[in-house]
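Here are a few exercises to work through with the model open. Try each task before you read its solution.

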Amino acid sequence: MAETELEKAFSTLAEALTLTETEIGEEINVIMQQIEQLKDRINQLNGRQQTLSHDRESIAEMYKRYCQSEGEGKAVEF
C-alpha cells in the first residue's frame, strides 16, 4: 500500500509541475507579445520624433528667411 500512496504522491506532484510549466509558458508568451508591442510603439514614436525634428528645422529655416530679413536679427529656439 505504501507504494500506491507513493505513486499517487508522485503523480500529483508531476501534475502540479506540468500545470506550473504550462502557466509559465503562457506567461512567457504574453510577455513576448508585450515586448513586440513595445518595439512597435518605440518605432512609431521614433518616426514621430524624426518628423518633429524635420518640422523644427523647416520652421527655423523659414524664420531665418522671412523674419531676420525684416531686421529683427534674433535667433529663435524651438
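**Exercise 1.** Work out how many helices and strands the protein chain has, and what share of its residues counts as buried.

*Solution.* Start with the secondary structure: this predicted model has 1 helix and 0 strands in its protein chain. The helix, helix 1, takes in residues 2-66. Next, look at burial: the chain has 78 residues, and 1% of them count as buried. Finish with the surface: the chain exposes about 7,400 Å², and 56% of that comes from carbon and sulfur atoms.

**Exercise 2.** Find which residues form a nonpolar patch on the surface, then decide whether Ile24 is buried, partly exposed or exposed.

*Solution.* The patch is made up of Ile24, Ile28, Ile31, Met32 and Ile35, and together they offer about 440 Å² of accessible area. Now zoom in on Ile24, which sits in helix 1. Its relative accessibility is 48%. Buried would need under 20% and exposed over 50%, so Ile24 goes down as partly exposed.

**Exercise 3.** Track down which side chains meet in a salt bridge, and say how far apart the two residues are along the helix.

*Solution.* There's 1 salt bridge to find in the structure. It joins the side chains of Glu36 and Lys39, at 3.7 Å from N to O. That passes the cut-off, which asks for the nitrogen to be within 4 Å of a carboxyl oxygen. Along helix 1 the partners are 3 residues apart, so about one helical turn separates Glu36 and Lys39. As for exposure, Glu36 is partly exposed at 41% relative accessible area, and Lys39 is partly exposed at 45% relative accessibility.

Terms used. Residues numbered from 1 in each chain as written. Predicted model: local features only at pLDDT ≥ 70, side-chain atom pairs only at ≥ 80, totals over all residues. Heavy atoms only, no water. Helix = DSSP H or I, 4+ residues; strand = E, 2+ residues; numbered from the N terminus. Buried < 20%, exposed > 50% of the residue type's maximum accessible area, 1.4 Å probe, protein only. Areas by Shrake-Rupley, 256 points an atom, 1.4 Å probe, with all protein chains shown as cover. Patch = residues over 30% accessible without salt bridge, like charges linked within 9 Å, V, L, I, M, F, W, Y side chains within 5 Å.
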